[in-house]
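Please walk me through this structure, from the whole chain down to single residues.

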Amino acid sequence: MVVYYSRSGSTRLCAEALAAEKGEGLFELKAKGGSMISGVFKSICGMKTRVESLPELTGESAVYICSPVWAGRFTPAVRYFVNNSDFKGKTVKLLLTCATPSDEYARACEKELARLGVAVSDSLAICPKGGEIDKNLLRGL
């Protein structure tokens, strides 16, 4: 299953392309309230933002977590999802969208997930320019 949070739509495009490429279901995390500024502040501080609903992961063998990078970290809505979901026995992969893709961002997010008890088997940070996504990158994830 591909689970994503997208404020501007860039991560949504990537999540949709990834779900199509992998033949997986798609679930959007919808944050409850808050502005972009409060979201970035919460991201910097490692805080969470409640979401309207969480996906049912029972029966899923793989979970692809897709998030924009805000201040070098994933979003508070994704943090809430991770803190309130059971990933036991699941392969977890991470797709990050950012203005300047960097393995540094991916490693930082992997470390944060590891502190929360989630082992990431693979990650990718990309910059979708003008709505264009290099699907070859997604195949490797």
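How much area does the protein chain expose, and what share of it do carbon and sulfur atoms supply? The protein chain exposes about 7,100 Å², and 48% of that area comes from carbon and sulfur atoms. The model is a predicted one. The protein chain has 141 residues, of which 45% count as buried.

Next comes the order of the elements. The protein chain contains five helices and six strands. Read from the N terminus on, they follow the order β-α-β-α-β-β-α-β-α-β-α. Contacts in the protein chain can also be sorted by separation in sequence: among those between residues at least 6 apart, 72% join residues at least 24 apart.

Helix H1 covers residues 10–22. With 13 residues at 1.5 Å a residue, helix H1 should span 18 Å, and because its end C-alpha atoms are 19 Å apart, the two values agree. The buried residues of H1 are Thr11, Cys14, Ala15, Ala17, Leu18 and Ala19. Just after H1 comes Gly23, which takes a positive phi of about 70°.

One of the buried residues of H1, Thr11, leads on to another part of the chain, since Thr11 is among the residues in contact with Ser67. Ser67 is placed in strand S3, which runs over residues 62–70. Is Ser67 buried or exposed? Its relative accessibility is 0%, so Ser67 counts as buried, the cut-off being under 20%. Neighbours within four places in sequence aside, Ser67 is in contact with Tyr5, Thr11, Phe74, Thr75, Val78, Leu95, Leu96 and Thr97. For Thr75 there is a further detail: a polar atom of the Ser67 side chain lies 3.2 Å from the backbone nitrogen of Thr75.

Val78, also in contact with Ser67, is one of the buried residues of helix H3. Helix H3 spans residues 76–83 and is mostly covered, with seven of its eight residues buried. These are Pro76, Ala77, Val78, Arg79, Tyr80, Phe81 and Val82.

Phe81 also takes part in a ring pair. How many aromatic pairs are there? The count comes to one aromatic pair. In that pair, the ring centres of Phe81 and Phe87 are 5.5 Å apart and the ring planes stand at 85°, so the pair is edge-to-face. Both partners are covered: Phe81 counts as buried because its relative accessibility is 0%, and Phe87 is buried with a relative accessible area of 10%.

Definitions and conventions
Residues numbered from 1 in each chain as written. Predicted model: local features only at pLDDT ≥ 70, side-chain atom pairs only at ≥ 80, totals over all residues. Heavy atoms only, no water. Buried < 20%, exposed > 50% of the residue type's maximum accessible area, 1.4 Å probe, protein only. Helix = DSSP H or I, 4+ residues; strand = E, 2+ residues; numbered from the N terminus. Polar contact = N/O pair within 3.5 Å; in protein donor to acceptor, adjacent residues only side chain to side chain. Contact = heavy atoms within 4.5 Å. Expected span 1.5 Å × (residues − 1). Phe/Tyr/Trp six-rings, centres within 6.5 Å; stacked < 30°, edge-to-face > 60°. Areas by Shrake-Rupley, 256 points an atom, 1.4 Å probe, with all protein chains shown as cover.
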